[in-house]
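This explanation leads through one protein model, beginning with its strands and ending with its principal pocket. Please keep the sequence and the three-dimensional view at hand.

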Amino acid sequence: MQGSVRAPEILRSGIEWFNVARPLSLQSLRGKVVILDFWTFCCINCMQILPSLRKVEEAFPEEVAVIGVHSPKFTAEHDGRTVAHAIARYGITHPVAHDPEFQLWKSFAVRAWPTLVFIAPDGSVVGQHSGEPDPEKLLQAVREMIERARNGGQLKPSPLPLAGTSTADGALAFPGKMKPLATSTRLQRWAITDGGHHQIVMLSEKGREAGRIGSGALGFDDGNLRTATFNRPQGLICAADVIYVADTGNHAIRKIDLAAGRVTTLAGMGRRGGALPQAAPSLETALASPWDLELDGDTLYFANAGTHQLGRIDLANGTARALAGDGGEAIEDGPAAQARLAQPSGLALSPDRSVLYFVDSETSSVRALRSGDAPAVQTLVGTGLFDFGHQNGDFVEARFQHPLGLCFADGTLLVADSYNGVIRALDLETRRVSDFDDNEFFCADPVCLPAGEPAGVTADAENVYMVDTNNHRIVAYEPRERRYRTWFA
């Protein structure tokens with residue numbers, strides 16, 4: 001659609017609005033350049049264009065109205081409450097229209113996430129772009145639209161009727177992964193990525209806070225443990241007195257040296273990169289939304305969600321390279337370099353270190369990268385980009401819904417099945433999937449909450465811990481007592 005086509009009205013029944021005092025209409029936005037951002041909150045490419053849109057909003061606060069049109073892919077994304085969580089989690093401040101029936105998607109003939117539709121101040125559609133735009137070209141295109149409208153007397157700048165967004169005010173805000181922390185003191189037993197606070201939190205073995213790393217400000221600054229800054233970190237892995245962090249919003253991997261009290265950048269350049277190289281210095285390698293990490297000696301594995309690949313860093317010589325995935329988004333097995341992944345978001349090495357298991361969130365799948373002379377990717381559970389559900393049974397029949405994390409516990413592979421709000425268990429010998437809880441655990445909390453998109457799962461010799469992301473807490477499952485309870489919040 002382009003030229004002088006009149007834009008369909010966006011004020012419709014059945015659409016829920018966020019971040020505004022009242023629903024918006026295109027008629028009320030006459031005199032502004034309007035950018036409709038068709039997105040869904042599971043989509044990594046949708047997340048990666050948010051900084052570009054934010055730059056446009058900051059440059060032209062009264063001339064441009066960016067409006068997110070949430071067009072959900074997964075069943076869980078149809079609930080407006082989950083959309084509200086996603087808006088808060090990603091710091092979205094512009095208006096959002098939640099359109100679960102795809103009314104606007106159909107009216108504007110959208111075909112993919114993300115898609116930007118550009119509407120001139122006179123209400124006509126002047127362009128459409130699918131995929132992630134170049135940030136500078138986007139800014140320049142919008143600047144030119146504004147100048148044309150100003151010269152034509154159509155531009156009428158005015159502030160948007162925005163409403164404030166709620167934020168988490170507890171100890172955690174949208175935590176991501178939790179991993180065991182190897183230190184000489186039992187006072188520091190676990191490390192958690194506290195994405196909403198842009199920090200790393202350390203906990204004791206009793207679930208008490210033992211320290212925080214990062215100032216809490218959003219940024220990309222190395223330095224001491226107190227002043228360094230992060231940008232919505234999601235994943236991490238720990239060695240002796242060292243924490244490696246998947247600093248997702250900065251498209252970087254950071255190293256926290258607890259003994260030296262320093263945070264440094266290990267890989268990434270602070271901007272979204274393309275497909276991973278075959279081999280390059282890690283500090284000169286641009287990453288794309290690294291989501292989780294695993295460690296085997298001097299080899300640091302990372303899930304490069306933004307390019308649908310797995311990568312590895314050789315810590316001994318400081319090089320990074322692609323490990324699996326050719327950069328295309330799909331579920332295709334085979335030789336590692338030719339396989340296709342879809343937003344890998346969680347990693348777990350097998351106890352014998354021979355297999356790297358991972359979850360591909362966009363295909364709701366659990367997959368394995370088998371090492372050896374001919375590394376290859378094999379899918380355990382999952383079939384396609386639009387095949388998902390909550391179904392147990394044989395690996396062939398089982399279904400997940402946008403899983404984000406996994407770990408081993410007593411030989412069983414546990415999966416944080418995020419959009420189903422449960423932990424699933426994979427028996428690798430019988431090749432069957434079941435619910436870890438299966439209504440056998442009782443809730444020991446005074447107020448019992450359903451899980452809110454758990455992004456991580458981990459375990460020790462006694463308990464299994466779920467990172468209950470949207471409820472801003474860690475939940476402990478205690479098999480001996482057959483109970484679960486809030487362990488840290």
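Two strands are said to pair if DSSP finds at least two bridges between them. The model discussed here is a predicted one. By that criterion, strand 14 (residues 242-247) and strand 15 (residues 252-257) pair, as 6 bridges join the two in an antiparallel arrangement. Within this pairing, Asp247 stands opposite Ala252 of strand 15. The two strands form a hairpin with 4 residues between them, and His251 in that hairpin adopts a positive phi near 50°.

Strand 15 continues the pattern on its other pairing. With strand 16 (residues 262-268) it pairs in the antiparallel sense, again over 6 bridges. Here Arg254 stands opposite Thr265 in strand 16. This hairpin also has 4 residues between its strands, and Gly261 takes a positive phi near 70°.

A further succession of hairpins is found later in the sequence. Strand 29 (residues 412-417) and strand 30 (residues 422-427) run antiparallel and are joined by 5 bridges. The bridge partner of Leu414 in strand 30 is Ala425. Between strand 29 and strand 30 there are 4 residues, and Gly421 in the turn has a positive phi of about 70°. Strand 30 is in turn joined to strand 31 (residues 432-435) by 4 bridges, and these two strands run antiparallel. Ala425 appears once more in this pairing, with Ser434 as its bridge partner in strand 31. The hairpin of strand 30 and strand 31 has 4 residues between the strands, and Arg431 takes a positive phi near 55°.

The N-terminal strands can be read in terms of a sheet. Strands of a sheet pair through backbone hydrogen bonds, either parallel or antiparallel. In what order do the strands of the open sheet of 7 strands lie? The order is 1-7-6-3-4-5-2, and the pairing is mixed. Strand 1 (5-6) and strand 2 stand at the edges with a single partner strand each, so one side of each has no neighbour in the sheet. For strand 1, antiparallel pairing with strand 7 (residues 124-130) extends over 2 bridges. The bridge partner of Arg6 in strand 7 is Ser124.

Several of these strands also contribute to nonpolar packing. The largest nonpolar core holds 24 residues, of which Leu36, Phe38, Phe108 and Ile119 touch the most other members. At least two residues of this core are supplied by each of strand 3 (33-39), strand 4 (64-70), helix 4 (103-107) and strand 6 (115-119). Leaving aside neighbours within four places in sequence, Leu36 is in contact with Ile10, Ile67, Val69, Phe108, Thr115, Leu116, Val117 and Ile119. Apart from the largest core lies another of 22 residues, among them Phe41, Phe74, Ala76 and Leu404.

Helix 3 (residues 80-89) offers a further view of burial. Its buried residues are Gly80, Thr82, Val83, Ala86, Ile87 and Arg89. The cover over these residues includes strand 2 (16-18), strand 4 and strand 5 (96-98). After helix 3 comes Gly91, which has a positive phi near 65°.

Consider next a single residue elsewhere in the chain. Met202 is found in strand 10 (residues 199-203). Is Met202 buried or exposed? Its relative accessibility is 5%, and because buried means under 20%, Met202 counts as buried. Not counting residues up to four places away in sequence, Met202 touches Leu181, Gln188, Trp190, Arg208, Glu209, Ala210, Gly211, Ile213, Ile243 and Leu258. Met202 and Ala191 lie 11 residues apart in sequence, with a C-alpha to C-alpha separation of 4.5 Å.

The final topic is empty space. Rolling a probe the size of a water molecule over the atoms shows where such space is left. The largest pocket contains about 740 Å³ of space. Its lining comprises 28 residues, of which Gln48, Pro51, Ser52, Gly249 and His251 lie nearest the centre. Helix 1 (44-48), helix 2 (50-59) and helix 5 (135-151) are the elements that give two or more residues to the lining. The largest share, 5 residues, comes from helix 2. By class, the lining has 10 nonpolar, 10 polar and 8 charged residues. His251 thus links two parts of this account: the residue takes a positive phi in the hairpin of strand 14 and strand 15, and is among those nearest the centre of the largest pocket.

Definitions and conventions: Residues are numbered from 1 along each chain as its sequence is written. This is a predicted model: local features need pLDDT of at least 70, side-chain atom pairs count only at pLDDT 80 or more; totals for chains, interfaces and linings use all residues. Side-chain values use heavy atoms; hydrogens and water are left out. On a 1 Å grid over the protein atoms alone, a cavity is a set of points where a 1.4 Å probe fits but cannot get out, and a pocket is an open set with protein on both sides within 12 Å along at least five of seven lines; lining residues have an atom within 4 Å of a point. Grid points are joined across faces, edges and corners, and a volume is the space filled by probe spheres set on the points. Ala, Val, Leu, Ile, Met, Phe, Trp, Tyr, Cys and Pro count as nonpolar, Asp, Glu, Lys and Arg as charged, and the others, Gly among them, as polar. A nonpolar core is a set of buried Ala, Val, Leu, Ile, Met, Phe, Trp, Tyr and Cys residues joined through side-chain atoms within 4.5 Å. Buried means under 20% relative accessible area, exposed over 50%, partly exposed in between (1.4 Å probe, protein chains only). Contact means heavy atoms within 4.5 Å.
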